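Visitor: Hi! I'm new to this one, could you walk me through it?
Guide: Happy to, let's bring it up and start with a single residue.

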Amino acid sequence: MFRKSVGICISLALASSLAAAADASQSGAKLSAADIVDKNVAARGGLQAWRAVQAMSLSGKLGAGGNQRATLQVPASGKRSAAEMSIGSARPVEEVQLPFMMEVKRPRKMRFELQFNGATAIQVYDGANGWKLRPFLNRNVVEPYTADELKMSSMQADLDGPLVDYAAKGTKIELVAWKRSRTAIPISSS
């Protein structure tokens, strides 16, 4: 759940960068990856203005469940029922849209709420420790994050995202040419 939300935020940042790159390539200018990131930060108000932001709230709906796969028929061998001869899920085709709210605050604090079947799941990370409550999984007790969840949250609860002040974060960026003259900026943390 949380990964999907953060993935959406990162995707939006990358889309802005790609749009800046597309505009630059149309005008004939040759921009470096650093130039594209600088334009992205400038489009977000500039580094100084972005640093003044202390908290951000995001809300929306997450798609869950659903099944877009076609049911596959298995060749009949022996005596099987029709249900046994098809591979696929009986899940509904449409995804369920679950309302969520995520608050991110400096330094690296995050609260995520997801509503499902009249219950609210909560995940909280305070910069060092994390807790979760998942009533829709019949877990009505607050549980601490696992070591893996703590590690993941420490990397994801960054209000700025991977592009703002990327060099200081140890994030490597590079410009890679795609087919049809598209560009991408692979991002990796060192």
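Visitor: Where does Lys132 sit?
Guide: Lys132 is in strand β7, residues 130-134. Helices (H or I, at least four residues) and strands (E, at least two) are DSSP runs, numbered from the N terminus. One note early on: this is a predicted model, where local features need pLDDT of at least 70 and side-chain atom pairs count only at pLDDT 80 or more, while totals for chains, interfaces and linings use all residues. Residues are numbered from 1 along each chain as its sequence is written, and side-chain values use heavy atoms, leaving out hydrogens and water.

Visitor: Is Lys132 buried or exposed?
Guide: Lys132 counts as buried, because its relative accessibility is 4%. Buried means under 20% relative accessible area, exposed over 50%, and partly exposed in between (1.4 Å probe, protein chains only).

Visitor: And what does Lys132 touch?
Guide: Not counting residues up to four places away in sequence, Lys132 touches Ile122, Gln123, Val141, Val142, Glu143, Pro144, Tyr145, Thr146 and Glu149. Contact means heavy atoms within 4.5 Å.

Visitor: Which salt bridge does the Lys132 side chain make?
Guide: The side chain of Lys132 meets that of Glu149 in a salt bridge, at 2.5 Å from N to O. Glu149 lies in helix α4 and Lys132 in strand β7, so the pair ties together parts that are 17 residues apart in sequence. A salt bridge here is a side-chain nitrogen of Lys or Arg within 4 Å of a carboxyl oxygen of Asp or Glu.

Visitor: How many salt bridges does the structure hold?
Guide: Eight. One of them joins Arg51 and Asp165, with the closest N and O atoms 2.9 Å apart. That pair links distant parts of the chain: Arg51 is in helix α3 (residues 47-52), and Asp165 is in the loop between α4 (147-156) and α5 (166-169), 114 residues apart.

Visitor: Are Arg51 and Asp165 buried or exposed?
Guide: In between. Arg51 is partly exposed, with a relative accessible area of 32%, and Asp165 is partly exposed at 33%.

Visitor: Any other pair to look at?
Guide: Try Glu113 and Arg111, a salt bridge whose closest N and O atoms are 2.8 Å apart. Arg111 is partly exposed, with a relative accessible area of 30%.

Visitor: New topic: what order do the strands of the sheet have?
Guide: The open sheet of six strands has the order β1-β4-β5-β6-β7-β8, with antiparallel pairing. Its edge strands are β1 (55-64) and β8 (139-144), each pairing on one side only. Two strands pair if DSSP finds at least two bridges between them.

Visitor: How many bridges join β1 to β4?
Guide: 10 bridges join β1 to β4 (residues 96-105), and the two run antiparallel. Ser59 stands opposite Met101 in β4.

Visitor: Back to α4, where does that helix lie?
Guide: α4 lies across β6 (119-125), β7 and β8, running at about 75° to β6. For such angles, axes are lines fitted to C-alpha atoms, for helices over the stretch in contact, and angles run from 0 to 180 degrees between N-to-C directions.

Visitor: Which residues of α4 are buried?
Guide: Glu149, Ser153 and Gln156. Seen down the axis of α4, they fall within an arc of 70°, so they line one face of the helix. The arc is that of the directions from the helix axis to the C-beta atoms.

Visitor: And which are exposed on the other side of α4?
Guide: There, Ala147, Asp148, Lys151 and Met155 are exposed.
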